[in-house]
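Colleague: Mind walking me through this one? I'd like to know what stands behind the words you use.

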Amino acid sequence: MEDSKNIAGEKLAPELNSRREFMKQTGAILGAAGIMSMVPMGTKAAAWAGGSDAPELKEVKVGFIPLTDCASLVIASVMKFDEKYGIKIMLSKEASWAGVRDKLTNGELHAAHVLYGLVYGVHLGIGGQKQDMSVLMTLNNNGQAITLSNQLKDKGVTNGAALKKLVDSEKRDYTFAQTFPTGTHAMWLYYWLASYGINPLADVKTITVPPPQMVANMRIGNMDGFCVGEPWNNRAIYDKIGFTATTTQDIWKDHPEKVLGCTGAFAHKYPNTARALIMAVLEASKYIDEMGNRRKVAEIIADKSYVNCPLEVIDQRLEGKYEDGLGRKWNDPNYMKFYNDGAVNFPYLSDGMWFLTQHKRWGLLKEDPDYLAVAKKINQIELYKQAASQVKVPVPREVMRSSKLMDGTVWDGRDPKKYAAGFKVRA
Amino acid sequence: MNIRRYFGEHVFPPLIGIGLFIIVWMILAQSSEALPGPLKTWNSAVALFSDPFYNHGPNDQGIGWNILNSLGRVGVGFGLAALVGIPLGFIIGRIEFIDKMSSPIISMLRPVSPLAWLPIGLLVFKAANPAAIWVIFISSIWPMIINTAMGVRQLPTDYLNVAKVLNLSEWKIFTRILFPATLPYMLTGIRLAIGTAWLVIVAAEMLTGGVGIGFWVWDEWNNLNVEHIIIAIFIVGIVGLLLEMMLVRLAKRFSY
């Protein structure tokens, strides 16, 4: 009796894992266990704490943009990993990142597949009305790219250094596009251009347009380059209008990309739902990172309901088989990863802080924010850890990680103010 | 004889027009890689319309559902605009003071592009669907106000003088004189309004998402499926034409 009371009373123990073990061991002598064994395997995991940890919401509205990296959300829903944790993910395809932002902040969506930097921007009131935001987990690493137009190729530009030379020697308006002012693609594009000495704000024109517009404009010769997620870069090659100048994994190996974002209010009000969502998506992420499953994943997400594009445009790069449109073919070891033994999904504080340093670098933030405090407020490390331990996903010991970017600078989350101010090319 | 004349006047010219249109389209398609020709588009349209009412969840529904959803939004936004706009038009037309009071505001707001109202709608209603309906409302209300008011103003003063002589009540004046005399103007306003509303819904849905012909086009554009975009252009055109024809019929029935 003493024991069963303990179980019901204990709500959010940090070591949920051991509690589950404990349930299993003592299950046989507890009356409740008799009932539990009649419940199918799936719902058991969600209801094991006698209702107190059951998701507050049964249906969770999750927005996504039709891109390859929405895969883990689609798989969580299609393969019914969500039902295993007592929720139903209601996927909603969105028209643009601005649309995702609006629907997240006004509550039409509970959570969304969203650009890392967008969440941080909205939290600080740049690129959207200021509202407290949360990152529940990182959805993927790598798998974006910068595409340059075939017109540039005809001028002999195949890489950043040659682009710099052309921009210096032939004066005209060079137009580059990204997907959202504070988003990841803008930051990769700016970082890449700047590391070749091209100031993305002064030397060229950078604009925000949706991916189909990028492709359409490149076709008519109105766009010199863009940074966007797959399948659009592969699509540019497939449509013979451009080539891949660099992948983003070559800018920053295993860089954070899309996150599972929601408002701060949602994470606060529905912690159990948030945990169930993280667990379902973690399981889907594991599934996708089995190379043998990737073909099937490509088939599922290419469907009209999701990415809505020809399978052959998606599957190659999802399986790590790259071709740059200049004749080079390679197997990229740093292809788009969704799990990587949990290393992808942990919401490292240093990842979030990096976007703030870049927002500061490019003048989106006028003052240095309290980098660490903001990241701690947004990234829901505790929720993530609790969810990860329940589905046996390894959690790194440190909340910061050290990364070396393409220009040799190292980012480890220490002294963000100095890091942000240390770039030669800046706003 | 009569039949021959009918064909000569009413059937041949449109047929020739459509034929020329298709020929020009074919020539354009021949010279461009990206633009699909009429035959390819037709085949894809047949495939699309062979199953217009399937439902594969909220992100993939048949073309029929998309059209109906858009029509629903137009119906609500347009209906609300009529409820507000027509009475407002009567008041403005009847009372000169209010006319002068409102005319600068109306003249200023009327030329604003409908989509510029969308962010305001999103801010106020905090939801995409009401915001889209709001855009329809605001873009279709102006022709109704202006045309109704104009109809009231056009009313010959003799009519009202007669009414005064007969000592008719304000209600009788409205139902017997004002309303019938203004009806043709009102219907013109409604016709103009529905045209705008249908035009605007496609653009509004492109931005807000959800089930509807506008977001359907956007999604096909994301997929760079040009055939479907051309089909959508025809759908939008034909539905717009049908709406207009319906209102013309209605107008004919009510004209005194």
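Modeller: Here is a chat about a strand, a core and a contact between chains.

Modeller: This is a predicted model, where local features need pLDDT of at least 70, side-chain atom pairs count only at pLDDT 80 or more, and totals for chains, interfaces and linings use all residues. Residues are numbered from 1 along each chain as its sequence is written, with chains lettered from A and ligands numbered from 1 in the order in which they are written.

Colleague: What makes strand β8 of chain A mostly covered?

Modeller: Buried means 20 or more other C-beta atoms within 10 Å of a residue's own; exposed means 12 or fewer, partly exposed is in between, and C-beta atoms are placed from the backbone. Five of the five residues in β8(A), 225-229, are buried, so the strand counts as mostly covered. G225(A), C227(A) and G229(A) point one way, F226(A) and V228(A) the other, and all are buried.

Colleague: And how do you know that β5(A) pairs with β8(A)?

Modeller: Strands are DSSP runs of E with at least two residues, helices are runs of H or I with at least four, and both are numbered from the N terminus. Two strands pair if DSSP finds at least two bridges between them. β5(A), residues 144-149, has five bridges to β8(A), so they pair, and they run antiparallel. One of the partnerships is Q144(A) with G229(A).

Colleague: Why does β6(A) count as paired with β8(A) too?

Modeller: β6(A), residues 175-178, shares two bridges with β8(A), in the parallel sense; the cut-off is at least two, so the pair counts. There, A177(A) is partnered with F226(A).

Colleague: Why is something called a nonpolar core?

Modeller: Because it is a set of buried Ala, Val, Leu, Ile, Met, Phe, Trp, Tyr and Cys residues joined through C-beta atoms within 7 Å. The largest has 122 residues, and those touching the most other members include L277(A), I278(A), A280(A) and V281(A). Helix α15(A), residues 271-289, gives the most, with eleven residues. In general, nonpolar side chains tend to be buried together in soluble globular proteins.

Colleague: What is A280(A) in contact with?

Modeller: Contact means C-beta atoms, placed from the backbone, within 7 Å. Leaving aside neighbours within four places in sequence, the contacts of A280(A) include A76(A), F81(A), Y85(A) and I89(A).

Colleague: How many residues from each chain take part in the contact between chains A and B?

Modeller: Chain A gives 19 residues and chain B gives 20. On the chain A side, β2 (88-93), α7 (97-105) and α12 (211-219) each give two or more.

Definitions and conventions: Contact = placed C-beta atoms within 7 Å.
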